[in-house]
Amino acid sequence: MTTSATEPRSDVDGDRRTASSAQVRSGRRLVAGAATLLLLVTAGVVGGGQVAQAAGTVACSATGAIDASRTAALRSDCAYDDLAVTVGTGRTVPVPDPGTTLAIGVVMAAGADELPEVSITRDDAGRVAVAVGEKIYGDPTAAQSLTADTSAPAAPQATPGCGSTTAYSKSSSTWPGALSWYLNGTSQPHPTAASTSVRWGAYSMASKYTRCGYQIKTRATSNYVGTTRYAVGVTTSGGCSTNSDGRNTVGYKALPAGVLGLTCVLYTPARAIEADIAFTTKESFYVWSGTGACKPGQYDLRTTAAHEFGHALGLGHTGANSGQIMQPSIGSCDFSTRLKGSGDAAAMAKLYPLG
Ligand SMILES: [Zn+2]
């Protein structure tokens with residue numbers, strides 16, 4: 001696949017205030033404590049069948065990237081197998097196989113400009129739709145076929161220091177068994193301690209434990225299999241690699257500025273297929289080593305890993321400062337969301353109920 005360096009790039013941020021954006025937003029489920037940029041990356045259902053339209057056309061026979069601002073012109077008769085959608089400044093996201101969705105979840109360093117979350121779906125009929133932040137492009141039917149969790153949350157219950165039980169957003173796709181994953185240790189800081197921190201992060205999300213004084217009933221488990229030489233399916237532009245390799249691989253990449261971690265998840269409406277997670281090599285992580293304190297400017301790798309495994313397991317973001325693992329950013333040396341809060345716990349109990 002070739003990506004086009006000459007394609008005009010869409011300014012995603014510049015689109016957020018348009019009327020069509022508001023229409024789209026009204027049709028997507030917002031979570032409690034909603035701030036300005038909230039979406040469930042898999043919540044592509046749009047109100048009244050309205051889909052944000054962008055001008056322009058795309059030649060179906062084109063090879064390489066399609067600019068996201070023009071994907072309204074995506075057609076079901078296009079040959080997508082070698083195509084990718086380009087978002088923002090060169091983030092390439094491959095069009096997935098029919099019947100699947102590819103979603104990108106990130107977590108930012110606090111204060112950094114947020115990299116929009118992206119999901120792209122191709123339905124069984126070959127129709128394609130793309131969600132970039134709050135905007136949706138592409139085929140209206142495909143957009144509506146993106147699964148949204150429309151179930152009404154239970155009445156919120158607040159636990160001191162733990163946030164609200166309604167502070168979550170989630171997909172409908174789950175892993176049928178344990179989330180088994182491999183580590184590609186290329187470029188990882190302080191290897192042993194780093195892998196330990198990542199394993200603890202996975203366990204924070206995929207386990208019964210919370211920091212709220214109670215445990216949840218959940219079948220969610222993660223299984224660290226071992227190291228691998230398989231590549232992490234994440235690109236340095238903040239997109240996803242073209243080919244899925246069937247292996248859930250965790251590793252390190254030089255991610256875009258301010259991005260601490262990024263997950264590419266491939267799934268059908270019912271089940272997850274593959275998740276690859278990258279942590280950035282551009283920021284300094286605090287990794288547990290038994291000695292040494294977190295230094296200003298460092299970010300807790302365990303907290304970052306817990307968040308990205310949340311995406312891998314099917315969770316989207318909460319509002320800012322929700323006190324949940326799935327809040328969209330992490331402060332320097334902030335360990336307060338290493339373990340699940342009330343919203344994280346409620347989401348995992350719903351997605352992966354026990355029995
Ligand atoms: Zn995230």
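**Exercises on strand pairing and helix packing**

Five bridges join strand β10 (residues 179–183) to strand β11 (residues 222–227), and the two run parallel; strands count as paired if DSSP finds at least two bridges between them. This is a predicted model, in which local features need pLDDT of at least 70, side-chain atom pairs count only at pLDDT 80 or more, and totals for chains, interfaces and linings use all residues. Residues are numbered from 1 along each chain as its sequence is written.

**Exercise 1.** Determine which residues of β10 are buried, where buried means that 20 or more other C-beta atoms, placed from the backbone, lie within 10 Å of the residue's own.

*Solution.* In a regular strand, side chains alternate between the two faces of the sheet. In β10, L179, W181 and L183 point to one face and are buried, whereas S180 and Y182 point to the other and are not. Of these, S180 stands opposite N223 in β11.

**Exercise 2.** Describe how helix α3 (residues 191–205) packs against α4.

*Solution.* Begin with the geometry: the axes, which are lines fitted to C-alpha atoms over the stretch in contact, lie 7 Å apart at an angle of about 50 degrees. Angles under 35 degrees count as roughly parallel, over 145 as roughly antiparallel, 65 to 115 as roughly perpendicular and the rest as oblique, and α3 and α4 are therefore oblique to each other. Their crossing is right-handed.

**Exercise 3.** Establish how far helix α5 (residues 342–351) is covered.

*Solution.* Nine of its 10 residues are buried, among them D344, M348 and L351. The cover includes β8 (158–159), β9 (163–164) and α4 (301–313).

Note on methods: Buried ≥ 20, exposed ≤ 12 C-beta atoms within 10 Å, placed from the backbone. Helix = DSSP H or I, 4+ residues; strand = E, 2+ residues; numbered from the N terminus. Contact = placed C-beta atoms within 7 Å. Axes fitted to C-alpha atoms, helices over the stretch in contact; angles between N-to-C directions. Left-handed = near helix turned anticlockwise from the far one by under 90°.
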